[in-house]
Amino acid sequence: GARPILVKYGSSSLSSLAREVEARANELRARLHEGVQKDGGGRAHVKEYIELLIQLGEDPQQIQEEYLSKHKSALLSDLKHRHPLPDLDVTARANKNHNDGDD
């Protein structure tokens, strides 16, 4: 078992190592999430990032929601800039004023 290792190296050095490993895993998770959000490297890379995140214990549903939310807002923003929608309040008032004059 682990007892001889704990006696030889002490539990404090192993807990220090565990903290370091956890810190590195958190850094990796953050970079993978960033890659998913930026679509870094195309679909193949995004798929690989997602698979790695799942292997690191991330919730697939959460990853999907974050991905879809980010890309939905980017798409809507792009559409808004390319094809601005009219201000519906101004249009409604103009139509009402126009129709009021028809009486």
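A residue is called buried here when its relative accessible area is under 20%, exposed when that area is over 50%, and partly exposed in between. By this measure, 10% of the 103 residues of the protein count as buried, in what is a predicted model.

The overall architecture is helical: the protein has five helices and zero strands, and from the N terminus on its elements run α-α-α-α-α. Of the contacts with a separation of 6 or more, 43% are made by residues 24 or more positions apart.

A convenient place to enter the fold is its core. The largest nonpolar core is made up of five residues, namely Leu-32, Val-36, Val-46, Leu-53 and Ile-63, and the elements that give two or more residues to this core are α2 and α3. Helix α2 covers residues 11-38, while helix α3 covers residues 43-55. The C-alpha atoms of Leu-32 and Leu-52 are separated by 7.8 Å, although these positions lie 20 residues apart in the numbering of the chain. Leu-52 itself belongs to helix α3 and, because its relative accessibility is 33%, counts as partly exposed.

The length of helix α3 can be checked against its residue count. With 13 residues at 1.5 Å a residue, α3 should span 18 Å, and its end C-alpha atoms are 18 Å apart, so the expected and modelled values agree. After α3 comes Gly-57, whose phi is positive, near 95°.

The next helix to consider is α4, which comprises residues 60-82. Two packed helices are described by the angle between their axes and the distance between the axes. For α3 and α4, the axes come within 10 Å and cross at roughly 145°, and the crossing is right-handed. On the α3 side, Val-46, Ile-50, Leu-53 and Ile-54 take part in the meeting of the two helices, and on the α4 side Pro-60, Ile-63 and Tyr-67 do so. By class, this contact has seven nonpolar residues, with no polar and no charged ones.

Ile-63 links several parts of this picture, being a member of the largest nonpolar core as well as one of the α4 residues that meet α3. Leaving aside residues up to four places away in sequence, Ile-63 touches Ile-50, Leu-53, Ile-54 and Glu-58, and also His-33.

His-33 leads back to helix α2, in which it lies. The residue counts as buried because its relative accessible area is 18%, under the 20% cut-off. Apart from neighbours within four places in sequence, His-33 is in contact with Leu-53, Glu-58, Ile-63 and Glu-66.

Gln-37 is a further residue of helix α2, and because its relative accessibility is 18%, Gln-37 also counts as buried. When residues up to four places away in sequence are not counted, Gln-37 touches Glu-66, Tyr-67, Lys-70 and His-71. Glu-66 is thus named among the contacts of both His-33 and Gln-37, and Tyr-67, a contact of Gln-37, is also one of the α4 residues that meet α3.

Methods:
Residues are numbered from 1 along each chain as its sequence is written. This is a predicted model: local features need pLDDT of at least 70, side-chain atom pairs count only at pLDDT 80 or more; totals for chains, interfaces and linings use all residues. Side-chain values use heavy atoms; hydrogens and water are left out. Helices (H or I, at least four residues) and strands (E, at least two) are DSSP runs, numbered from the N terminus. Buried means under 20% relative accessible area, exposed over 50%, partly exposed in between (1.4 Å probe, protein chains only). Contact means heavy atoms within 4.5 Å. The expected span of a helix is 1.5 Å times one less than its number of residues. A nonpolar core is a set of buried Ala, Val, Leu, Ile, Met, Phe, Trp, Tyr and Cys residues joined through side-chain atoms within 4.5 Å. Axes are lines fitted to C-alpha atoms, for helices over the stretch in contact, and angles run from 0 to 180 degrees between N-to-C directions. A crossing is left-handed if the near helix is turned anticlockwise from the far one by less than a right angle, and right-handed if clockwise. Ala, Val, Leu, Ile, Met, Phe, Trp, Tyr, Cys and Pro count as nonpolar, Asp, Glu, Lys and Arg as charged, and the others, Gly among them, as polar.
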